[in-house]
Amino acid sequence: MSKKKTPAHGPDNAPNPLPSLEDALAKLFATTALEAASWITLTGGSRLFSAGDDSDHLYLVRTGRLGVFRQNEDDGELNLIGVIKPGEPAGEMSLIAGTEHTSTVIALRDTDLLALPRDAFFEAASKSPEVMLALAQKMILRAREVQTRGSQQLHNPNVFAFFAVCDRPALAYVETIAEAVRAMGYTVCVLDSGFHGSTSEEFSTLEAAHDYVLYVAEKPEANWRQLAARQVDHSFLIVPGLSHVEAPDLSAVGADLGLSLSAGLQHPPDLIIQHDQATRTKGIRHTKLWLDALKPARWFHVCDRSQADTARIARIVTGHSTGLVLSGGGARAFAHLGAVWALRDAHVPIDFVGGSSMGAILAATAGLEWSQEEMDRRIRAAFVDSSPLDDISFPFIALTAGKKVDARLEEHFGEVLIEDMPIPFFCLSSNLTSGTIKLHKTGSLRKALRASISLPGIMPPVIEDGQVLVDGAVMRSFPARLMANTHLGTVIGVDVTRAKGIDPRNIKVPKSLPTWFGRGDWRKGPPIVSIMMRSATITSAADLAQSRAATDLLIIPEPGGVEIRDWKAYDLAVESGYQTTVDTLSKLDGPVTSMRKRGLSVHPDIPAFTPDDDHLIAPFVPPKAKPMPKK
């Protein structure tokens with residue numbers, strides 16, 4: 001009589017689950033293999049091993065975190081592709097495969113590990129086969145993560161440092177940021193110099209117990225600052241705004257802030273520039289002095305007593321910020337104003353803003369925090385009340401002299417520098433000299449806007465540093481991917497490139513030039529203007545699809561009847577943008593600020609281009625939604 005076999009199933013024929021990886025490794029290291037294991041402590045920024053090194057140990061992270069990096073073949077920089085947390089192994093893939101390490105592993109925090117030699121591992125694993133099964137499962141999951149997810153999703157930062165560069169204390173301000181983070185429903189702890197002397201295990205415990213950990217170090221606390229710099233994912237430097245041209249005090253910024261940065265673990269620190277309300281109202285100045293001195297990745301202007309500014313920093317820290325990106329589109333881009341107003345009415349914050357071509361002009365009005373009344377008044381004066389493109393000239397370089405546009409940009413944007421804008425802003429132009437995109441993040445705002453709207457053949461190009469710059473839409477009409485790389489939060493895109501911009505009836509040669517002049521149609525420019533504008537800004541379906549895929553919330557106004565150079569169709573376009581945005585927001589089942597965090601995207605299922613021009617001839621019927629309120 002044969003012995004009855006024990007089924008490899010649990011209750012209800014469910015397969016017996018594999019032991020967790022943590023349990024399997026704990027069992028492995030608790031056996032006699034522990035005698036062969038050694039204890040290793042790595043300070044933040046130290047390498048455990050590099051790609052190409054021999055694989056001779058299995059490592060178990062006990063406290064801290066390790067980062068897995070691959071070298072970029074183009075520039076040689078290390079790119080983060082994975083994070084190893086307490087209870088997880090490191091080096092297992094190469095060890096089991098018997099190959100050299102294919103990645104570089106660096107401590108993201110002060111980290112404690114157990115190291116088990118290769119022979120001891122295989123001997124112990126032969127007695128505990130569940131370890132090999134759990135490791136195999138982990139290796140498969142890691143391989144899938146690297147293939148399907150970017151480094152930002154693999155490692156959403158949750159530990160930050162705030163370093164006071166000058167004498168003004170930072171702790172009270174960081175506490176207000178922590179309160180704003182708690183108001184969003186997260187747990188957060190603030191660690192000041194009173195925690196100096198804590199062990200890596202204590203720091204690891206605090207990190208495991210909270211959603212976010214904020215370290216803060218004052219100017220004199222050099223030793224604590226060095227320790228904190230080794231424990232965090234990202235750093236902020238806090239500095240005061242400058243009221244006049246002066247050399248910034250950098251006595252608190254030195255090698256101690258570059259410990260983890262030099263290892264390639266972090267991006268350059270961000271900069272928080274604190275202003276009093278009077279300075280913020282009067283106008284921010286001299287930001288470039290700080291940028292030249294500290295070379296931050298990003299910079300944020302705040303009033304430390306402003307709840308709105310504090311809430312913005314809290315959203316940036318937690319990945320709930322919102323970035324608004326606006327496409328080009330000539331007169332159709334007036335729809336962007338309606339979209340901005342609808343977002344404001346719905347209390348959707350705008351933390352970053354950018355655009356290309358005409359979208360850059362309208363993005364700048366939001367970046368300067370103009371009111372709806374000021375936006376409406378200035379844009380009407382600059383583009384609607386009279387044509388900006390009627391200074392026709394002999395077409396040696398362009399059909400217009402561009403002087404009217406220059407004068408209007410100077411009138412409305414003056415001498416504002418991009419780096420002094422209260423909301424982070426960027427715009428694009430196309431560099432005809434190098435054949436590349438020019439990203440404008442600093443310098444004169446009006447000069448950047450002038451470059452971004454310089455349609456080839458319509459307006460003279462901008463010459464800057466020996467480079468010929470023309471309309472940003474020539475190379476990238478909808479720069480949503482750039483916005484997605486700017487921050488970790490939601491990307492809202494408003495795109496008017498879908499609608500075809502030319503009505504065939506508008507490109508006929510006028511039968512009577514005197515009548516054409518008499519009606520004032522010449523102020524739009526001859527029909528060739530429409531052809532050149534549209535030809536210079538056509539976006540390929542593939543590029544447009546990629547740009548739209550980079551958004552989390554895509555809003556597509558269809559300002560029917562608005563021709564690309566029909567500046568008088570302002571009200572129709574604005575209303576279309578407002579109503580479409582209201583309708584799009586009404587379909588959401590959660591806050592806009594959480595869309596990217598939750599992995600949600602809203603992309604209308606529509607083709608990149610409308611198949612015909614019927615919508616341009618048919619009368620415009622706006623979507624059914626509440627009317628735009630009159631301000």
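Okay, let's start with a term: two strands pair if DSSP finds at least two bridges between them. The strands themselves are DSSP runs of E, at least two residues, and helices are runs of H or I, at least four residues, all numbered from the N terminus. With that in hand, strand 9 and strand 12 (residues 234-240) pair in the parallel sense over 5 bridges.

Quick housekeeping. This is a predicted model, where local features need pLDDT of at least 70 and side-chain atom pairs count only at pLDDT 80 or more, while totals for chains, interfaces and linings use all residues. Residues are numbered from 1 along each chain as its sequence is written, and side-chain values use heavy atoms, with hydrogens and water left out.

Back to strand 9, residues 159-164. On its strand 12 side, Phe162 stands opposite Phe236. Strand 9 also pairs with strand 11 (residues 212-217), again in the parallel sense, over 5 bridges. There, Val159 has Val213 as its bridge partner. So how many residues of strand 9 are buried? The count is 6 of 6, where buried means under 20% relative accessible area, exposed means over 50%, and partly exposed is in between, using a 1.4 Å probe and protein chains only. Both faces are covered: Val159, Ala161 and Phe163 sit on one side, with Phe160, Phe162 and Ala164 on the other.

Next, a second sheet to look at. Here 4 strands form an open sheet in the order 1-8-3-6, with antiparallel pairing. Its edges are strand 1 (38-42) and strand 6 (89-90), each pairing on one side only. Strand 6 pairs with strand 3 (residues 57-63) over 2 bridges, in the antiparallel sense, and Tyr59 stands opposite Ala90 of strand 6. Lying across strand 3 and strand 8 (111-117) is helix 3 (residues 118-127), running at about 75° to strand 8. For angles like that, axes are lines fitted to C-alpha atoms, for helices over the stretch in contact, and the angle runs from 0 to 180 degrees between N-to-C directions.

Now the helices, and I'd put helix 15 (residues 372-384) on screen. What do its buried residues pack against? They pack against helix 13 (335-345), helix 14, helix 16 and helix 22 (570-586), contact meaning heavy atoms within 4.5 Å. The buried set is Gln372, Met375, Arg378, Ile379, Ala382, Phe383 and Val384.

Take helix 14 (residues 358-367) as one neighbour: the two helices pack at an angle of about 150°, with their axes 10 Å apart. That makes helix 14 roughly antiparallel to helix 15; the cut-offs are under 35 degrees for roughly parallel, over 145 for roughly antiparallel, 65 to 115 for roughly perpendicular, and oblique for the rest. On the helix 14 side the contact uses Met358, Ile361, Leu362, Thr365 and Ala366, and on the helix 15 side Met375, Ile379 and Phe383. By class, that contact has 7 nonpolar, 1 polar and no charged residues, counting Ala, Val, Leu, Ile, Met, Phe, Trp, Tyr, Cys and Pro as nonpolar, Asp, Glu, Lys and Arg as charged, and the others, Gly among them, as polar.

Then there's helix 13, which packs against helix 15 at about 175°, axes 11 Å apart. So helix 13 is roughly antiparallel to helix 15 too. Here Leu337, Val340, Trp341 and Arg344 of helix 13 meet Gln372, Met375, Asp376 and Ile379 of helix 15. The class count for this contact is 5 nonpolar, 1 polar and 2 charged residues.

For the backbone-minded, two loop residues. Ser357 has a positive phi of about 60° although it is not a glycine. Ser357 lies in the loop between strand 16 (352-356) and helix 14, and counts as buried because its relative accessibility is 6%. Glu369, also not a glycine, has a positive phi of about 60°. Glu369 is in the loop between helix 14 and helix 15, and at 40% relative accessibility counts as partly exposed.

Last stop, two single residues. Is Thr322, in strand 15 (residues 322-326), buried or exposed? Thr322 is buried, with a relative accessible area of 1%. Among the residues it touches, leaving out those up to four places away in sequence, are Pro349, Phe352, His487 and Val592. Glu415, in the loop between helix 16 (403-413) and strand 17 (425-431), counts as exposed because its relative accessibility is 58%. With that same sequence exclusion, Glu415 touches Glu410 and Arg446.
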